[in-house]
Amino acid sequence: MSVKNIIIYITDCVRPDYLGCYGSAKSASPNIDNLAKDGVVFLNAYTTGTWTKPVAGPLLTGIHPSCLGMQGQKLAMTGYQGFLQKLVKQKGFKTY
């Protein structure tokens, strides 16, 4: 039986040209680079917003911020708490 892990690592204000896993020769991210060696590194990633809080909800649900009621300063996700956790638990993963 193989062990499978899903780690979603969300950072704020980190440019890819500072990360070794994206080619920086002066990497300031040895731990991120080590995770990337055995993980998936996305070369073309796009965001649904310009700041962290309204982007986290869509990342965890796959639903656009406007559909989650996360516009402007309103950051409620009524009815969607634990969405990703429930989905991966149904697939046999332990969630915390």
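The questions and answers below concern a predicted model and the reasons behind some of the terms applied to it.

Me: Why is Leu60 called partly exposed?
Reply: Leu60, which has its place in helix H2 (residues 52–61), has a relative accessibility of 33%, and because partly exposed covers what lies between under 20% for buried and over 50% for exposed, Leu60 counts as partly exposed.

Me: What makes Leu60 eligible for a nonpolar patch on the surface?
Reply: Patch residues need over 30% relative accessible area and no salt bridge, and Leu60 stands at 33%; the patch is formed by Ile6, Ile8, Ile10, Leu59 and Leu60, with about 430 Å² of accessible area together.

Me: How do you know that Asp33 has no salt bridge?
Reply: A salt bridge calls for a side-chain nitrogen of Lys or Arg within 4 Å of a carboxyl oxygen, whereas the nearest side chain of opposite charge, Lys37, is 7.7 Å away from the buried Asp33, so the criterion is not met.

Me: What makes the pairing of Gly20 with Asp33 a polar contact?
Reply: The backbone nitrogen of Gly20 lies 3.1 Å from a polar atom of the side chain of Asp33, and the cut-off for such a pair is within 3.5 Å. Asp33, in helix H1 (residues 30–37), also touches Leu19, Cys21 and Ser27.

Me: Why is the pattern of the protein written α-α-α-α?
Reply: The secondary structure comes to four helices and zero strands, and read along the sequence this gives α-α-α-α.

Note on methods. Residues are numbered from 1 along each chain as its sequence is written. This is a predicted model: local features need pLDDT of at least 70, side-chain atom pairs count only at pLDDT 80 or more; totals for chains, interfaces and linings use all residues. Side-chain values use heavy atoms; hydrogens and water are left out. Patches are made of residues with over 30% relative accessible area and no salt bridge: like charges are joined within 9 Å, nonpolar side chains (Val, Leu, Ile, Met, Phe, Trp, Tyr) within 5 Å. Accessible areas come from the Shrake-Rupley method with a 1.4 Å probe; for residues, only the protein chains shown count as cover. Helices (H or I, at least four residues) and strands (E, at least two) are DSSP runs, numbered from the N terminus. Buried means under 20% relative accessible area, exposed over 50%, partly exposed in between (1.4 Å probe, protein chains only). Lys and Arg count as positive and Asp and Glu as negative; His and the chain ends are not counted. A polar contact is a pair of N or O atoms within 3.5 Å; within protein, one must be able to donate a hydrogen and the other to accept it, and residues adjacent in sequence count only if both atoms are side-chain atoms. Contact means heavy atoms within 4.5 Å. Lists of a residue's contacts leave out its neighbours within four places in sequence.
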